[in-house]
Amino acid sequence: MKPAPARVLIIAGSDSSGGAGIQADIKTATALGAYAATAVTAVTVQDTVRIHAIHPVPASIVRDQIACVLDDIGADVIKVGMLGSADIVAAVADILQEKARGIPLVLDPVLTSTSGTPLLEETAISVLKERFLPLTMLLTPNIPEAEALARMYVRKTDEMRSAAEKLRMLGPQAVFIKGGHAEGETVEDILVWQGGVETFEFPRVHTSNTHGTGCTLATAIACGLANGMPLALAVRRARGFVQNALKDAHGFGRGYGPLNHLHGIVRD
């Protein structure tokens with residue numbers, strides 16, 4: 001009998017276009033051989049151009065989804081994406097403190113969509129910082145998210161490092177800031193953790209098919225951690241996975257198209 005796959009519990013919103021959110025997370029986990037369980041925080045009406053509507057799931061339902069999964073299937077790693085409201089942030093923090101102590105948590109602090117729509121209430125940011133960051137093993141903001149959370153200007157590598165160190169002081173064991181929003185032909189990401197500071201450099205992929213990049217990367221890291229990879233190795237593998245998914249994107253839609261999460265799977 002084959003060994004059971006690693007279990008990743010994904011807490012995030014649903015994306016009807018399939019490029020980001022829960023849908024991207026499930027595709028990523030499946031492509032990397034992990035088992036994805038989910039707790040849906042919101043149902044969005046969206047395409048590749050923009051988000052047309054957001055319908056939050058009641059906080060009590062989000063909490064109960066998480067409790068049911070953890071009580072039955074369990075999880076090796078938990079990945080959190082879009083939370084949406086202060087009520088949901090608090091409810092998720094409560095249930096994770098109750099039932100998920102000792103399970104590594106990867107938090108992708110989704111503040112806005114690729115098209116610019118706010119995905120976390122302004123009032124929820126302080127709750128996220130106070131209640132959630134102390135529970136987090138790895139925080140994975142992009143540059144605008146790092147700026148909002150650290151309250152500082154971030155563009156250059158030294159500024160990314162300063163922001164990561166500042167954010168670590170709020171509780172996460174490690175902070176990985178993604179450099180895609182900076183300029184240049186090389187994208188520099190930076191990981192600050194107890195092992196030190198590590199920079200990851202990849203050639204910039206010039207494409208508009210970037211919908212769901214952050215979701216995909218955080219989930220890919222979570223899958224590596226769930227399989228016992230050291231943090232830096234999990235980050236590097238995930239970054240390479242996203243690089244190839246960007247290069248092999250199909251170009252669906254009229255706006256920011258989705259990545260090709262299944263680029264490594266052979267099709268007849």
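In what sense, and over how many bridges, do β8 and β9 pair? The sense is antiparallel, and the pairing runs over eight bridges. A hairpin of two residues joins β8 to β9. This is a predicted model, and the hairpin is a good place to enter it.

Start with L191 in β8. Its bridge partner in β9 is E198. L191 also stands opposite F176. That second link belongs to the pairing of β7 with β8, which is antiparallel over three bridges. Strands of a sheet pair through backbone hydrogen bonds, either parallel or antiparallel.

Now widen the view to the whole sheet. Nine strands form an open sheet, and the pairing is mixed. The order is β3-β2-β1-β4-β5-β6-β7-β8-β9. Which strands stand at the edges? They are β3 (51-56) and β9. Each has a single partner strand, so one side of each is left without a neighbour in the sheet.

The parallel sense appears where β5 (residues 105-107) meets β6 (residues 138-139). These two strands pair over two bridges. There, L107 stands opposite L139 in β6. Two helices pack on the sheet. Helix α7 (residues 213-226) touches β1 (7-15), β4 (77-80), β5, β6 and β7. Its direction makes about 170° with that of β4. Helix α8 (residues 231-247) touches β6, β7, β8 (186-193) and β9. The direction of α8 makes about 15° with that of β9.

Next come the aromatic rings. A pair of aromatic rings is described by the distance of the centres and the angle of the planes. The count comes to one aromatic pair. F176 and F200 form it, with 5.8 Å centre to centre and 80° between the planes. Why is the pair called edge-to-face? Planes over 60 degrees apart count as edge-to-face, so the 80° between F176 and F200 puts the pair in that class. F176 lies in β7 (residues 174-177) and F200 in β9 (residues 196-203), so the pair ties together parts that are 24 residues apart in sequence. Both residues are buried.

Two other buried residues deserve a look. L167 is found in helix α6 (residues 157-168). Its relative accessible area is 0%. Beyond residues up to four places away in sequence, L167 touches L139, P141, A146, L149, A150, P172 and V175. L139 is the residue of β6 that stands opposite L107. The C-alpha atoms of L167 and K79 are separated by 18 Å, with their positions 88 residues apart along the chain.

Is D108 buried or exposed? D108 is buried, with a relative accessible area of 3%. It is found in the loop between β5 and α4 (122-132). Leaving aside neighbours within four places in sequence, D108 is in contact with K79, V80, G81, T140, E145, K178, G214, C215 and A218.

G214 leads on to the largest pocket. Its volume is about 940 Å³. The lining has 44 residues, and the closest to the pocket centre are T114, H181, T210, T213 and G214. Which elements give two or more residues to the lining? They are β1, α1 (21-31), β2 (35-46), α5 (143-150), β8, α7 and α8. The strand β8 of the opening hairpin is thus met again here, as one of the elements in that lining.

How values were computed. Residues are numbered from 1 along each chain as its sequence is written. This is a predicted model: local features need pLDDT of at least 70, side-chain atom pairs count only at pLDDT 80 or more; totals for chains, interfaces and linings use all residues. Side-chain values use heavy atoms; hydrogens and water are left out. Rings of Phe, Tyr and Trp (its six-membered ring) pair if their centres lie within 6.5 Å; planes under 30 degrees apart count as stacked, over 60 as edge-to-face and the rest as tilted. Helices (H or I, at least four residues) and strands (E, at least two) are DSSP runs, numbered from the N terminus. Buried means under 20% relative accessible area, exposed over 50%, partly exposed in between (1.4 Å probe, protein chains only). Two strands pair if DSSP finds at least two bridges between them. Contact means heavy atoms within 4.5 Å. Axes are lines fitted to C-alpha atoms, for helices over the stretch in contact, and angles run from 0 to 180 degrees between N-to-C directions. On a 1 Å grid over the protein atoms alone, a cavity is a set of points where a 1.4 Å probe fits but cannot get out, and a pocket is an open set with protein on both sides within 12 Å along at least five of seven lines; lining residues have an atom within 4 Å of a point. Grid points are joined across faces, edges and corners, and a volume is the space filled by probe spheres set on the points.
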